[in-house]
Amino acid sequence: MAEQQNRRDRRDDRRETETPEFADRLVAINRVSKTVKGGKRFGFAALVVVGDQRGRVGFGKGKAKEVPEAIRKATEQAKRSLVRVPLKDARTLHHDIEGRHGAGKVVMRTAVAGTGIIAGGPMRAVFEMLGVQDVVAKSLGSSNPYNMIRATIDGLKQESSPRQVAQRRGKKVGDILKKPDAEVVEA
């Protein structure tokens, strides 16, 4: 009996240590109704973005009869769909990128230190949970929060660091980052 109690305690400890690792942001709640014989039945759909603010981000959606249950389901799904994004100096993107999903199109650009997050609603939530501090982003096309978040994450998946590019091309990071002007001066 004592052994089972110890096992439960260990399991509870793991849950407690796992939770603070991630921050979450509720992006949208949608109330839907179904008309039945006795009246209307309401349901809720929640859209949540989760991230560790150090380069990992994910999103999830959940549906339930009550709002807290829908948010809990969305958070669980978001934690399962985390993607890692390489950040430059742990504050901005390495290069400009475009993301698409359906009619949603987003453009994300790197920014100098002190710029802040210049992005609208759902995109801002993704960048804050990702840990980006300086970025300029614009949403073109759909303003649907689901499509905007999917397009943003699609673009972030295309992000590659100089180390990844160098490894793929079989070169050194210094060769990738070398400025063309420096070669002219040496010659």
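**Exercise 1. Determine which residue of β6 stands opposite His101, and describe the pairing and the turn around that position.**

Solution. In this predicted model, His101 stands opposite Gly104 in β6. The next step is to place this pair in its strands: β5 and β6 run antiparallel and are joined by 5 bridges. Turning to the connection, one finds that β5 and β6 form a hairpin with 2 residues between them, and that Gly102, which lies in the turn, has a positive phi of about 60 degrees. Gly104 can then be followed across to another strand, since Gly104 also stands opposite Gly141 in β8, and β6 and β8 run antiparallel with 7 bridges joining them.

**Exercise 2. Work out the strand order of the open sheet that contains β5, β6, β7 and β8, and find which strands stand at its edges.**

Solution. The sheet is open and has 4 strands in the order β5-β6-β8-β7, with mixed pairing. Its edge strands are β5 (97-101) and β7 (117-118), each of which pairs on one side only. To see where the mixed pairing comes from, take the strand pairs in turn: β5 with β6 is antiparallel, β6 with β8 is likewise antiparallel, whereas β7 and β8 (residues 135-141) pair in the parallel sense over 2 bridges. At the residue level, the bridge partner of Ile117 in β8 is Val135, and Ile118 stands opposite Val136 in β8.

Two helices can now be added to this sheet. Helix α3 (residues 121-130) packs on the sheet and touches β6 (104-110), β7 and β8, its direction making about 145 degrees with that of β8. Helix α4 (residues 145-157) also packs on the sheet, where it touches β5, β6 and β8, and its direction makes about 135 degrees with that of β5.

**Exercise 3. Characterise the packing of α3 against α4: what are the angle and axis separation, and which residues make the contact?**

Solution. Start with the geometry: α3 and α4 pack at an angle of about 45 degrees, with their axes 8 Å apart. An angle of this value falls outside the ranges for roughly parallel (under 35 degrees) and roughly perpendicular (65 to 115 degrees), and the two helices are therefore oblique to each other. The crossing of α3 and α4 is right-handed.

The residues follow. From α3, the contact is made by Pro122, Met123, Val126, Phe127 and Leu130, while α4 contributes Pro145, Met148, Ile149, Thr152, Ile153 and Leu156. Sorted by class, the contact has 10 nonpolar residues, 1 polar residue and no charged residues.

**Exercise 4. Decide how far α3 is enclosed by the rest of the structure, and identify its buried residues.**

Solution. The criterion for a buried residue is a relative accessible area under 20%. By this criterion 7 of the 10 residues of α3 are buried, so the helix is largely enclosed by the rest of the structure. The buried residues are Pro122, Met123, Ala125, Val126, Phe127, Met129 and Leu130. Beyond the helix, α3 is followed by Gly131, whose phi is positive, near 100 degrees. For comparison with the whole, buried residues make up 35% of the 187 residues in the protein chain.

**Exercise 5. Describe the open sheet formed by β1, β2, β3 and β4, explain why one side of each edge strand has no neighbour, and place helix α2.**

Solution. This open sheet of 4 strands has the order β1-β2-β3-β4, with antiparallel pairing. Because β1 (23-36) and β4 (83-84) stand at the edges with a single partner strand each, one side of each is left without a neighbour in the sheet. Within the sheet, strand β2 (residues 39-51) and strand β3 (residues 56-64) pair in the antiparallel sense over 8 bridges, and Val48 stands opposite Gly60 in β3. Helix α2 (residues 67-80) lies across β1, β2 and β3, running at about 145 degrees to β3.

**Exercise 6. Locate Gln164, classify its exposure, and list its contacts beyond its neighbours within four places in sequence.**

Solution. Gln164 lies in helix α5 (residues 162-169). Its relative accessible area is 36%, so Gln164 is partly exposed, this class covering values between the 20% limit for buried and the 50% limit for exposed. Leaving aside neighbours within four places in sequence, Gln164 is in contact with Pro86 and Glu159. The C-alpha atoms of Gln164 and Pro86 are separated by 9.4 Å, although the two residues are 78 residues apart along the chain. In the protein chain as a whole, among contacts between residues at least 6 apart in sequence, 54% join residues at least 24 apart.

Conventions
Residues numbered from 1 in each chain as written. Predicted model: local features only at pLDDT ≥ 70, side-chain atom pairs only at ≥ 80, totals over all residues. Heavy atoms only, no water. Pairing = 2+ DSSP bridges. Contact = heavy atoms within 4.5 Å. Axes fitted to C-alpha atoms, helices over the stretch in contact; angles between N-to-C directions. Parallel < 35°, antiparallel > 145°, perpendicular 65-115°, else oblique. Left-handed = near helix turned anticlockwise from the far one by under 90°. Nonpolar A, V, L, I, M, F, W, Y, C, P; charged D, E, K, R; others polar. Buried < 20%, exposed > 50% of the residue type's maximum accessible area, 1.4 Å probe, protein only.
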